[in-house]
Each structure stands twice: as structure tokens, then as C-alpha cells.
Number of protein chains: 2
Amino acid sequence: MEPDLTNNQKIVLQTLEKSEQPLGAYSILFNVEKKGIKSPQQVYRALDKLITIGAVHKIESLNSYIACKHKECKARESTSFLICQDCQRVFEILEADLSDKFLKVSKKSNFKYSTHNLEIFGVCKTCS
Amino acid sequence: MEPDLTNNQKIVLQTLEKSEQPLGAYSILFNVEKKGIKSPQQVYRALDKLITIGAVHKIESLNSYIACKHKECKARESTSFLICQDCQRVFEILEADLSDKFLKVSKKSNFKYSTHNLEIFGVCKTCS
DNA sequence: TTTGTTATGTTATATTATAACATATCACAT
DNA sequence: ATGTGATATGTTATAATATAACATAACAAA
């Protein structure tokens, strides 16, 4: 059972949920200043918590964050995204067999697979 | 035929080649100051070029850079890495079938696959 | 040898992220 | 209801990563 979110965490999460595109931390900050959040720290702390519980994911190559659309997201650690180079939207994919594939590929190098981050770039359905 | 590298580009590349771990841009800068490179700009510019020609790759989740060990690396755009959480070393993998897999997965979402960045985390052979 | 392209040197600044510390709030066992 | 420990907050400052802008130099190739 997840603990309830605090005010700041809710505000940050709602901001991300409303956004079509991933948002940077300072872009989130700009959006929530009218709601009383005044410093980067507050945003980053809320993000940390939200990421820990799997409600938000970071897109590493964009230094940006998205709300996870999947209830009870298992992707606390491993994540896989489709990133549209036209509209900047990001779609999370939950393919069980990706982990299997990466486990196998890792094994070939005698590497113990733990988690992964996959970012696929291209053009989304709407943009093509 | 690739153009020859300039002095700054060679210096930055050699620094990365000598390193066991990926290096951040400012860590590279620290290493090359005695060789006459004095500003972040010079490092970033050399990195840009080296990345463009495929001689260096960026590890997005670490904001760090590694020299590519593969002659004539095709990975100018798509990259796949094994990242050891114990020793911080990074191993690039060249699995042709990963692109195929990602193409298929993308297709399922009506997404036109173009390139990818894969970062697998775990424990390397030496560390386990 | 001039012309266009690419690289350099340099200073300044933008962007992303953490450190540190005092205070407050919350969950919950006594 | 009260103390206790864990977690969150507010705030200021600063670290770490990356780019802008502009003047100059080197280089390739017609």
C-alpha cells in the first residue's frame, strides 16, 4: 500500500499528468509557482518521491519527466519509451519480453542483468 | 573517408581511450588542462565532433562519455551499453538483432523506429 | 588567392541538480 | 495525549552540466 501523496507531490504529479510532453524540472517549477512551490528543491524532492513510487519516470536523454499512465506501475527501475522526434511526446511501453531479451544479451557478456533504460526515437502514429 | 582529427579532438579522444570509466566533460577538462585546453567549450566542441563521427558515445544516464572501441563504428546514432553498477565500467554491445527487436516493438504502437539508446544496468563479469 | 567551411580561444551565461540546515508535519506506539 | 522517529518542507546557497556569442585562425578546394 502506497502512502498518500503530500501536497507538493500532488501538485507536481498533476502538472505532469496535464502535460502532453515531458517537462524539465524548471519547467515544472514555472508551472507551479502560482501554487506556492517556490524553489527547485521542492520540485526535485517531489520528483524523487514520485519516481521512487513509480508514478513518474525520468527521460534521461531529455532531462525531463513524465507521469506514468499505468496504475500500479512496475517500472520503478526499468523503463522503455518511444520518443517522437516530431511532436516530442513520449509513450511508455510495457513489454515483458524486453527484459527477457536484455537478460539474454547480458548473459552473452557474462553480465548480470539488473535493470534497463530504453529510449527509442522515431515518429509516432499521429505524426506520420 | 573520415577527415583527420584536430589537435583538441585527438587530446579529448585519447583521454577517453585511456580511461577505464566514462568521463564527464568537466572531468575531461581537468585531465587536459595541462595540454592547453582551457575551457568547457573546447571540450564540448571536441566531443560534439567525436560523437558525430562515431568515435565517442554519450552515456545519457551518467552525463558521461566513452571512447568507442570499435573501428568504423556504425553507432553514430543508436547505442547499447552494459553499465556495471559496481565498477562503473561501461561495455558497448553491438547486437544487430536489438534494432530488429525495437523495430518490431515500435511497429506494435504504429511508431516508426529510427534510432535507440539502450542502457542495461547490472554487474559485470569481473565484479561478480 | 580568395572564398566558404570548419575549428579555435575566450568570456559570459544558461540549464540542470544538490548541499546544508532549521523547522514542521505525520504515523503511531506508549 | 504525548513523545519519538521518520519523512516532508522552506529557504538560501552552490555545484555540475551545457550552450551562446563573437572575434579570429586554419584549412580545403576551386
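Two strands are said to pair if DSSP finds at least two bridges between them. Helices (H or I, at least four residues) and strands (E, at least two) are themselves DSSP runs, numbered from the N terminus. The structure described here is a predicted model, in which local features need pLDDT of at least 70 and side-chain atom pairs count only at pLDDT 80 or more, while totals for chains, interfaces and linings use all residues. Residues are numbered from 1 along each chain as its sequence is written, chains are lettered from A and ligands numbered from 1 in the order in which they are written, and side-chain values use heavy atoms, with hydrogens and water left out.

The relation between the two chains comes first. A turn of 180° with a shift of 0.0 Å along the axis lays chain B on chain A with an RMSD of 0.0 Å, the superposition being made by least squares on the C-alpha atoms of residues with pLDDT of at least 70 in both copies. The two copies are thus related as by a two-fold rotation axis. In chain B, the C-alpha nearest this axis belongs to L118(B), at 2.3 Å from it. Of the interface residues of chain B, 100% are also interface residues in chain A, so the copies meet through the same surface.

Both chains contribute to one sheet. This is an open sheet of six strands in the order β4(A)-β3(A)-β5(A)-β5(B)-β3(B)-β4(B), with mixed pairing. At its edges stand β4 (90-92) of chain A and β4 (90-92) of chain B; each has a single partner strand, so one side of each is left without a neighbour in the sheet. From one strand to the next, the twist averages 20°. In general, strands of a sheet pair through backbone hydrogen bonds, either parallel or antiparallel. Within chain A, strand β3 (residues 79-84) and strand β5 (residues 112-123) pair in the parallel sense over six bridges. The bridge partner of T79(A) in β5(A) is N117(A).

Helices from both chains pack on this sheet. Helix α4 (residues 96-108) of chain A touches β3 and β5 of chain A together with β3 (79-84) and β5 (112-123) of chain B, where contact means heavy atoms within 4.5 Å. The direction of α4 of chain A makes about 120° with that of β5(A); axes are lines fitted to C-alpha atoms, for helices over the stretch in contact, and angles run from 0 to 180 degrees between N-to-C directions. Helix α4 (residues 96-108) of chain B lies across β3 and β5 of chain A together with β3 and β5 of chain B, and runs at about 120° to β5(B).

The loop that follows α4 deserves attention in each chain. Most residues other than glycine have a negative phi, and most peptide bonds are trans. N110(A), found in the loop between α4 and β5 of chain A, has a positive phi of about 55° although it is not a glycine. N110(B) lies in the loop between α4 and β5 of chain B, and its phi is near 55°, a positive value in a residue other than glycine. At 45% relative accessibility, N110(A) counts as partly exposed, a class between buried (under 20% relative accessible area) and exposed (over 50%), with a 1.4 Å probe and protein chains only.

The account now turns to helix α1 (residues 7-18) of chain A. At 1.5 Å a residue, its 12 residues should span 16 Å, and its end C-alpha atoms are 17 Å apart, which agrees; the expected span is 1.5 Å times one less than the number of residues. The buried residues of α1(A) are Q9(A), I11(A), V12(A), L13(A), T15(A) and L16(A). Their cover includes α2, α3, β1 (56-59) and β2 (64-67) of chain A.

In chain B, strand β1 (residues 56-59) and strand β2 (residues 64-67) pair in the antiparallel sense over four bridges. K58(B) stands opposite Y65(B) in β2(B). The two strands form a hairpin with four residues between them, and N63(B) in the turn has a positive phi of about 45°.

Aromatic pairs complete the picture. Rings of Phe, Tyr and Trp (its six-membered ring) pair if their centres lie within 6.5 Å; planes under 30 degrees apart count as stacked, over 60 as edge-to-face and the rest as tilted. The count comes to three aromatic pairs over all chains. Among them, Y26(A) and Y44(A) form an edge-to-face pair, 6.3 Å centre to centre with 70° between the planes. Y26(A) lies in helix α2 (residues 25-32) and Y44(A) in helix α3 (residues 40-52) of chain A, 18 residues apart. Y26(A) is exposed, with a relative accessible area of 53%, whereas Y44(A), at 34%, counts as partly exposed.
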